[in-house]
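Me: Please take a close look at the place where the two chains meet, and then set it against the background of one of the chains taken alone. I would like a single connected account.

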Amino acid sequence: MTDARPSRRLAVTGGVSAALVLLATYGVFFVAPEDADQGIIQKIFYFHVAIAIVGLGAFGVAAIYGIRYLRSRDERFDEISSISIGIGLAFSVLVVITGSIWAKASWGTWWVWTDPRLVTFLIVLLLYAAYFVLRSSAEGERQARYSAVYSVAAFASVPLSFYSVRVARSFVHPVVFTQNGADMPNSMLIWFVVTLLATVGVFLTLLQIELVQRRADRALRRVKARLEATA
Amino acid sequence: MSAARPAWRRQLRALLLKDLRLELRTRDTVVAMLLFAIVAMTIFQFAVGSRGEDLTPAAGGILWAVLALTAVLGVGRSWVPEREQRVLDGILGAPVPRDVLMAAKAGAIYAYLLAVEIVAVPVMALFFIREPDPVDLLLIGVVCLIANVGIAVLGSLLAVLALFARARELLLPVLFLPSLLPVVIAAAGATHAVAAGTNDLAEYRGYCLFLGVYAVIFGLVAYATYEHVFDD
């Protein structure tokens with residue numbers, strides 16, 4: 001018999017995440033004050049920044065589980081690492097799209113090459129897209145091992161991309177979080193935190209869906225093998 | 001006394017000399033890299049500067065775009081002699097620590113890049129900078145010395161991943177170039193800071209520092225993961 005706990009855990013995480021997403025959407029659009037400067041387009045910031053943070057967090061999770069795989073050679077860690085990168089990649093695409101919408105509204109063009117942060121997110125996107133190319137061209141035990149090594153190497157370039165923002169001097173991108181804390185009133189910060197939590201919830205839900213699905217896949221293959229053996 | 005020298009230094013020397021001697025005898029890799037670099041610069045000239053405009057502001061960018069592509073070529077070639085002659089089995093079977101193996105390969109890649117740059121940087125100055133200044137060329141040389149460290153370290157790590165995978169000729173550029181983008185940004189910025197006539201030394205130093213940080217970070221990554229890239 002397969003264990004029912006993961007499915008139950010998935011139901012709980014999914015339910016809580018859905019509630020948080022609804023709450024965040026309501027709060028951002030109906031409760032949080034409208035930005036005096038930018039108006040309605042500023043609302044996209046809540047999702048844009050939250051998805052960016054959780055996307056980078058997903059790559060961090062992937063690197064940590066990559067290291068855990070290398071230490072233990074436990075396939076479950078490789079699974080979590082690769083799923084996290086898939087979700088992080090999807091989130092990065094969303095970051096670039098929402099950032100592009102914001103760029104159109106505030107700076108008048110869809111894409112601003114002079115803004116290092118938008119560009120570095122594109123680099124991160126290319127970096128992690130290559131992960132799947134590597135994964136598909138390695139076989140057997142090498143696949144997991146190489147994926148883990150690459151997930152660590154790729155994550156090392158994420159702080160570099162953030163450092164490049166400071167070195168290459170951004171003139172355009174609004175920096176929301178400075179060393180003196182968040183540059184926004186509390187009425188906005190609360191809804192930002194709710195959106196961030198909702199996004200974390202979405203990440204965890206997607207991760208668990210994929211894990212449950214792969215487990216089911218493996219169980220099905222086991223049953224099939226047993227049936228073939230008895231037939 | 002050679003006997004007092006630690007084993008890893010002798011191994012590193014032997015492996016590095018093997019690569020360099022092989023290259024000196026065949027001249028396969030460096031000559032091809034150099035030709036490629038000059039052809040690529042010519043392509044850039046026709047692609048972006050064919051209307052006779054002054055390309056001085058773009059010179060740093062062109063140089064580092066060309067060098068990044070050339071590096072992919074060199075890194076892709078770096079394990080080929082071992083694979084073709086089945087030397088790899090011998091080396092992997094010998095009691096040489098894997099980190100020494102990687103360091104030697106990084107050293108060889110560094111040497112190839114430097115050999116290419118000694119010719120490619122003056123050619124770039126000749127082709128794209130209106131009034132090249134010898135001091136600026138020396139400063140660009142320093143950028144090369146720092147940037148090559150990061151390129152060689154990361155290259156030697158990713159080259160092994162590509163070595164044992166399918167479609168390695170395709171895989172390596174896809175893996176290597178995105179990770180190389182920060183180097184291209186910073187090295188092109190540093191080159192531009194001194195070559196474009198502005199001589200902004202503060203900016204130059206900032207970019208060089210970034211290249212140093214890049215080399216250190218990927219050095220740590222390579223050190224942390226090297227034992228997992230070779231098959232047991």
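**The contact between chain B and chain A**

Reply: In this predicted model, the count between chain B and chain A is one salt bridge. That salt bridge joins the side chains of A:Glu139 and B:Arg166, with 2.9 Å from N to O. On the side of chain B that touches chain A, the elements giving two or more residues are helix 7 (134-163), helix 8 (168-195) and helix 9 (201-229) of chain B. Of these, helix 9 of chain B gives the most, with 13 residues. Sorted by character, the residues on this side of chain B divide into 22 nonpolar, four polar and four charged.

Polar contacts between the chains were counted as well, and seven residue pairs, both at pLDDT 80 or more, are in polar contact between chain B and chain A. The contact as a whole takes 30 residues from chain B and 27 residues from chain A. Between them the two chains bury about 2600 Å², and 71% of this area lies on carbon and sulfur atoms. Within chain B, the residues that lose the most area to chain A are B:Arg166, B:Phe210 and B:His228, which together account for 23% of what that side buries. B:Arg166 thus appears both in this group and in the salt bridge with A:Glu139.

Turning to chain A by itself, one finds six helices and two strands, and from the N terminus on the elements run α-α-α-α-α-β-β-α. Of its 231 residues, 45% count as buried, while the accessible surface of chain A comes to about 12000 Å², with 65% of it belonging to carbon and sulfur atoms. Among the contacts in chain A between residues at least 6 apart in sequence, 74% join residues at least 24 apart.

A:Thr205, which is found in helix 6 (residues 186-230) of chain A, offers a view of such surroundings at the level of a single residue. Because its relative accessibility is 13%, and the cut-off for buried is under 20%, A:Thr205 counts as buried. Leaving aside residues up to four places away in sequence, A:Thr205 touches A:Leu10, A:Thr13, A:Gly14 and A:Ser17. With A:Ser17 there is also a polar contact, made between the side chains of A:Thr205 and A:Ser17 at 3.0 Å.

Note on methods. Residues numbered from 1 in each chain as written. Chains lettered and ligands numbered in written order. Predicted model: local features only at pLDDT ≥ 70, side-chain atom pairs only at ≥ 80, totals over all residues. Heavy atoms only, no water. Helix = DSSP H or I, 4+ residues; strand = E, 2+ residues; numbered from the N terminus. Buried < 20%, exposed > 50% of the residue type's maximum accessible area, 1.4 Å probe, protein only. Polar contact = N/O pair within 3.5 Å; in protein donor to acceptor, adjacent residues only side chain to side chain. Contact = heavy atoms within 4.5 Å. Buried area = accessible area lost by both parts, 1.4 Å probe. Salt bridge = Lys/Arg side-chain N within 4 Å of Asp/Glu carboxyl O. Nonpolar A, V, L, I, M, F, W, Y, C, P; charged D, E, K, R; others polar. Areas by Shrake-Rupley, 256 points an atom, 1.4 Å probe, with all protein chains shown as cover.
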